[in-house]
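Work through the following exercises with the sequence and the 3D structure at hand. Try each task before reading its solution.

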Amino acid sequence: MFKKILIANRGEIACRVIKTARKMGIKTVAIYSDADRNALHVKMADEAVHIGPSPANQSYIVIDKVMEAVRVSGAEAVHPGYGFLSENAKFADALAEAGVAFIGPPKGAIEAMGDKITSKKLAQEADVSTVPGYMGLIEDVEDAVKTSNQVGYPVMIKASAGGGGKGMRIAWNDAEAREGFQSSKNEAANSFGDDRIFIEKFITQPRHIEIQVLADGHGNAVYLHERECSIQRRNQKVIEEAPSPFLDAETRKAMGEQSVALAQAVDYTSAGTVEFIVDGDRNFYFLEMNTRLQVEHPVTELITGIDLVEQMIRVAAGEKLPFGQDDLKINGWAMESRLYAEDPYRGFLPSIGRLTRYRPPVEEATPTRAVRNDTGVFEGGEISMYYDPMIAKLCTWAPDRATAIEEMRLALDGFELEGIGHNLPFLAAVYDHPKFTSGNMTTAFIEEEYPEGFEGVTLGEEDCMRVAAAAAAMHRVAEIRRTRISGRMDNHERHVGEDWVVKLQGHAHDVKINADKSGADVEMSDRTRRVESDWTPGDPLARLTVDGSPLVLKIGKISGGFRVRYRGADIKVHVRTPRQAELADLMPEKLPPDTSKYLLCPMPGLIVKVDVAEGDQVQEGQALCTVEAMKMENILRAEKKGVVKAIKAGAGDSLAVDEVIMEFE
């Protein structure tokens, strides 16, 4: 077995590999760029080697720099994680020449399966069902339009070397094909150093289901069942689960056996994933094979009990798989939520900055429940503009799907994160959505259910009543504390009133509180609710029970009440005396400033190009400029018809959130 391995990656996946290596008694070497000098993976590793400036194309994906780090550290093997060099045959070659083991597949498998065009051709030759499309390379914009018409709209424009949603666009017409081709090409060049593009038919109403495979160098290969990855945004997975709520045993077996056959056809070894599109009749079509470890591998580990990273290391060291196909059963259900540094209220645009508060739920594993959080950040750390915006992968496990979902709801409610925009509210909303809870979703879920973007959640009546009762009880606790601090009287509780008015989501509720030492009975119009908690004023997280059921609220203080975040809702809850409530109703509401005449930068980023000039008349939906952030290009469009009065920023300018890009007449 290896004594020292180098992790050629960063962030949460580097930390994940380090954990398993440490468990196996293997020393680890981290590599880091300027931006990652104080990163968590650097602190966790036994050694760390600096490899260059912050941009990935000047550090993490420069093979010579990584190889130099391998040399100076004396590492015997390299784990590439995912992304970066994980599917780069030249990197595998360089390691082989240096006599260093690659904890991944052989070069031939990388070349055959890591390239989407080649892998699809091989799948066709192996009689694997594939998605219709044109497998030649697309040379230019006009070629993209011509090919798209031949295949038939809608089409998927994809980077041959792509992954993680990078370099992928859906086009429904010629204009979108032109625009999508160029954006895909640019993203592919920036992310992978390979701008080759191909086009295939986009299947409507699809589900994205993938099979985890594991193979050793002794001819043994198995599949570790499937993962459902249909909750996606811009072709990037957001929520994954294992197993799929859609597959039956027969389809699962067929997909698994095809996946293993395909892996064996290219002499694949290590842990990889065969991805499929599955239609409503459970017909499945080969999409691609990722020869590397997948982001969502934890859910497979949770339902099988297999540490995939450990098996990758053992396979690379020449060991045989210690189990066969018949040993791999499905135990329970697992959910994974990808927590991203992106603002769901601004169209999910990237967000950067310092994590002023980062308190994930406590990790635990029991026979009936589990919580796991794979992360690469820490409180006080920076989220950089140079890398993928994923902060953590929060996972839960339970014996069945409904319980696993409920465990995830509670874990998300208790996840404290401040300082940047993040998608926690959106994740919470998805887990409460009836389409998701029923398992009846496709890859178009986000597009169909949130066509205008995410604008937060309006709580239902029962949730409103529970939050109102909790807020009233917490306000009483805060009032008692204030009375104690003021020293106004000895028996302070007699001077805290029982009658209050709680207002939230535009509705006011008359409340009477009868408290005792263990909690409070909160009487509202419909009924009385029992609230119990050990919450202390000033604590940003309140764990309560309302009528015996758990309620976890994120709490912020505002004048006359609380800012409460719960299950995707972000609301102000005012708790006032009847007279205060009467006077508050007479106060005018403050209106936000009018910014309709400006195009504001929705995130910190780099202006790639400006598509209009001063004096131009623009139409609704017309592209105005392109902003690049976290390796993704974002096209900003006109919200309505107008005339460009002034352009305040140009290509090459780095802007902060809400900086003015252009002004309209």
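The exercises below concern a predicted model, and each is followed by a worked solution.

**Exercise 1. Cysteines**

Task: Determine how many disulfides the structure has, and examine C15 and C395.

Solution:
- Step 1. Recall the chemistry: a disulfide is a covalent bond between the sulfur atoms of two cysteines.
- Step 2. Apply the cut-off, which asks for two cysteine sulfur atoms within 2.5 Å. Searching the whole structure gives zero disulfides.
- Step 3. Check C15. The nearest cysteine sulfur belongs to C395 and is 15 Å away, and C15 is in no disulfide.
- Step 4. Check C395. Its closest cysteine sulfur is in C229, at 12 Å, which is too far for a bond.
- Step 5. Add the accessibility. C15 counts as buried because its relative accessibility is 1%. C395 has 0% and therefore also counts as buried.

**Exercise 2. Two loop residues**

Task: Place T443 and A39 in the chain, and decide for T443 and for A39 whether the residue is buried or exposed.

Solution:
- Step 1. Locate T443. This residue is in the loop that runs between helix 14 (434–437) and helix 15 (445–449).
- Step 2. Compare with the cut-off: buried means under 20% relative accessible area. T443 has 18% relative accessibility, so T443 is buried.
- Step 3. Look at the contacts of T443. Leaving aside residues up to four places away in sequence, T443 touches P206, R207, H208, S230 and Q232.
- Step 4. Locate A39. The loop between strand 2 (27–33) and helix 2 (40–44) holds this residue.
- Step 5. Apply the cut-off again. A39 is at 11% relative accessibility and so counts as buried.
- Step 6. Set sequence beside space. From A39 to T396 there are 357 residues in sequence, and the C-alpha atoms are 26 Å apart.

**Exercise 3. A pocket**

Task: Describe the second largest pocket by its volume and its lining.

Solution:
- Step 1. Take the volume, which is about 550 Å³.
- Step 2. Turn to the lining of 16 residues: K503, K572, H574, R576 and A584 are the closest to the centre of the pocket.
- Step 3. Assign the lining to elements. At least two lining residues come from each of strand 25 (499–504), strand 32 (569–576) and helix 17 (578–584).
- Step 4. Sort the lining by type: six residues are nonpolar, five are polar and five are charged.

**Exercise 4. Strand pairing**

Task: Give the strand order of the open sheet of four strands, and name its edge strands.

Solution:
- Step 1. Begin with the general rule: strands of a sheet pair through backbone hydrogen bonds, either parallel or antiparallel.
- Step 2. Read the order, 33-40-38-35, with antiparallel pairing.
- Step 3. Find the edges. Strand 33 (598–600) and strand 35 (617–618) each pair on one side only.
- Step 4. Inspect one pair. Strand 35 and strand 38 (residues 642–647) are joined antiparallel over two bridges. Across this pair, Q617 faces V643 of strand 38.

**Exercise 5. Covered elements**

Task: State how many residues are buried in helix 13 and in strand 9, and find a pairing partner of strand 9.

Solution:
- Step 1. Count in helix 13 (residues 424–432): eight of its nine residues are buried, so the cut-off makes this helix mostly covered. The buried residues include L424, F426, V430 and Y431.
- Step 2. Count in strand 9 (residues 197–201), where four of the five residues are buried.
- Step 3. Identify the partner. Strand 6 (residues 133–134) runs antiparallel to strand 9, with two bridges between them. Y134 has I199 in strand 9 as its bridge partner.

Conventions
Residues are numbered from 1 along each chain as its sequence is written. This is a predicted model: local features need pLDDT of at least 70, side-chain atom pairs count only at pLDDT 80 or more; totals for chains, interfaces and linings use all residues. Side-chain values use heavy atoms; hydrogens and water are left out. Buried means under 20% relative accessible area, exposed over 50%, partly exposed in between (1.4 Å probe, protein chains only). Contact means heavy atoms within 4.5 Å. On a 1 Å grid over the protein atoms alone, a cavity is a set of points where a 1.4 Å probe fits but cannot get out, and a pocket is an open set with protein on both sides within 12 Å along at least five of seven lines; lining residues have an atom within 4 Å of a point. Grid points are joined across faces, edges and corners, and a volume is the space filled by probe spheres set on the points. Ala, Val, Leu, Ile, Met, Phe, Trp, Tyr, Cys and Pro count as nonpolar, Asp, Glu, Lys and Arg as charged, and the others, Gly among them, as polar. Two strands pair if DSSP finds at least two bridges between them.
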